[in-house]
Amino acid sequence: MEEGGNQSKYVKLTKDQAPLEEDIKPGELNQPIHVPQLVIHKCNECGQVLPESFEPPADEPWTSGIFGCAEDKDSCWTGLFCPCVLFGRNIESLREDTPWTTPCVCHAIFVEGGIALAVATAACHGIIDPSTSFLIGEGLLFGWWMCGIYTGLFRQSLQKKYHLKNSPCDPCLAHCCLHWCALCQEHREMKNRLSDNAAMPMTIVNPPPIQEMNAASDNRESVPSSVDNTEQTNLEMQAL
């Protein structure tokens with residue numbers, strides 16, 4: 001209590017009520033705060049911002065089986081006689097920035113070229129030394145396995161884009177064992193997906209024509225307004 005009976009505006013803290021400075025560590029008050037409303041969910045593939053209620057879809061089945069080559073005769077004949085062309089078209093459909101000629105040439109050199117070398121080695125079985133033929137065979141097997149990995153990576157990116165499951169097996173193993181069937185299946189899958197996502201026809205509404213104001217029309221509109229103003233002034237003067 002102060003002199004005069006007035007109560008003090010300040011409260012004296014005791015030792016138990018005083019703040020414990022030793023409990024606060026340096027930098028403890030500057031820690032970032034997690035705010036759920038500021039968290040942005042993005043797609044791992046394209047980086048597009050996703051809504052908060054988005055849930056990744058489950059593994060979807062392929063629209064056609066790996067042995068359904070006869071369902072699309074065009075891709076079946078192309079994959080049988082020119083698999084390099086079909087592979088290039090598949091790459092171009094999946095990656096728009098990559099022309100089909102580049103993967104087509106790579107496929108023709110390593111796959112078709114390897115097959116041609118294997119046939120030539122088998123035809124010259126008695127001419128070529130057996131040890132040399134064995135080394136060529138090992139090299140061809142290794143090259144076939146590497147080509148299966150390369151084409152399997154493309155199949156894997158296709159599965160990630162459309163959330164497809166491994167059918168009938170791992171993508172690289174599918175191309176190593178069933179390369180031609182896998183190419184036809186991938187072509188049919190992208191063809192079916194693109195046809196399902198085709199743009200619907202839209203109604204085009206033309207905007208109204210632009211109206212221009214001419215000086216003559218402005219003068220015509222200003223004339224009756226000036227007349228009305230003079231009449232009002234005249235009436236006011238007569239009333240006064």
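1. Let me start with F87. Setting aside neighbours within four places in sequence, F87 is in contact with P103, H107, Y150, T151, F154 and L183. Keep in mind that this is a predicted model. F87 is buried, its relative accessible area being 0%.

2. One of those contacts deserves a closer look. F87 and F154 make an aromatic pair of the edge-to-face kind, with 5.9 Å from centre to centre and 80° between the planes. F87 belongs to helix α2 (residues 83-94) and F154 to helix α4 (residues 130-162), so this pair ties together parts that lie 67 residues apart in sequence. F154 is buried too, with a relative accessible area of 2%. Y150 joins in as well: ring pairs link F87, Y150 and F154 into a cluster.

3. Now the core around these rings. The largest nonpolar core has 16 residues, and those touching the most other members are F87, L94, F154, L158, Y162 and M190. Helices α2, α4 and α6 (179-196) each put in at least two residues. Which helix gives the most to this core? That is α6, with 5 residues.

4. Back to the rings for a contrast. The structure has 4 aromatic pairs. In the W77 and F81 pair, the ring centres are 5.8 Å apart and the planes meet at 10°, so the pair counts as stacked; planes under 30 degrees apart are what that label asks for. These two sit 4 residues apart in helix α1 (residues 73-81), which means about one helical turn separates them. Are they buried or exposed? W77 counts as exposed at 52% relative accessibility, and F81 is exposed as well, with a relative accessible area of 59%. The cut-off for exposed is over 50%, so W77, at 52%, counts as exposed. Compare that with F87, buried at 0%.

5. C104 is worth a click. This residue sits in helix α3 and counts as buried at 10% relative accessibility. Leaving out residues up to four places away in sequence, C104 touches C84, V85 and G88. C104 and I91 are 13 residues apart in sequence, and their C-alpha atoms are 9.0 Å apart in space.

6. Next, a pocket. The second largest pocket has a volume of about 160 Å³. Its lining is made up of I109, F110, V111, G114, I115, A118, L140, G143, W144, M146 and C147. Two elements give two or more residues to that lining, α3 (101-123) and α4. Which of them supplies the largest share? It is α3, with 6 residues. Helix α4 therefore turns up twice in this note, as it also supplies at least two residues of the largest nonpolar core and holds F154 of the edge-to-face pair.

7. Finally, the chain as a whole. There are 7 helices and 2 strands, and the order from the N terminus on is β-β-α-α-α-α-α-α-α. Of the 240 residues, 21% count as buried. About 18800 Å² of surface is exposed, and carbon and sulfur atoms supply 60% of that. Take the contacts between residues at least 6 apart in sequence: 66% of them join residues at least 24 apart. The F87 and F154 pair, with its 67 residues of separation, is one example of a link between parts that are well separated in sequence.

Conventions:
Residues numbered from 1 in each chain as written. Predicted model: local features only at pLDDT ≥ 70, side-chain atom pairs only at ≥ 80, totals over all residues. Heavy atoms only, no water. Phe/Tyr/Trp six-rings, centres within 6.5 Å; stacked < 30°, edge-to-face > 60°. Buried < 20%, exposed > 50% of the residue type's maximum accessible area, 1.4 Å probe, protein only. Contact = heavy atoms within 4.5 Å. Areas by Shrake-Rupley, 256 points an atom, 1.4 Å probe, with all protein chains shown as cover. Core = buried A, V, L, I, M, F, W, Y, C linked by side-chain atoms within 4.5 Å. 1 Å grid on protein atoms, 1.4 Å probe; cavity = no way out; pocket = protein on both sides within 12 Å on 5 of 7 lines; lining within 4 Å. Points joined across faces, edges and corners; volume = space filled by probe spheres on them.
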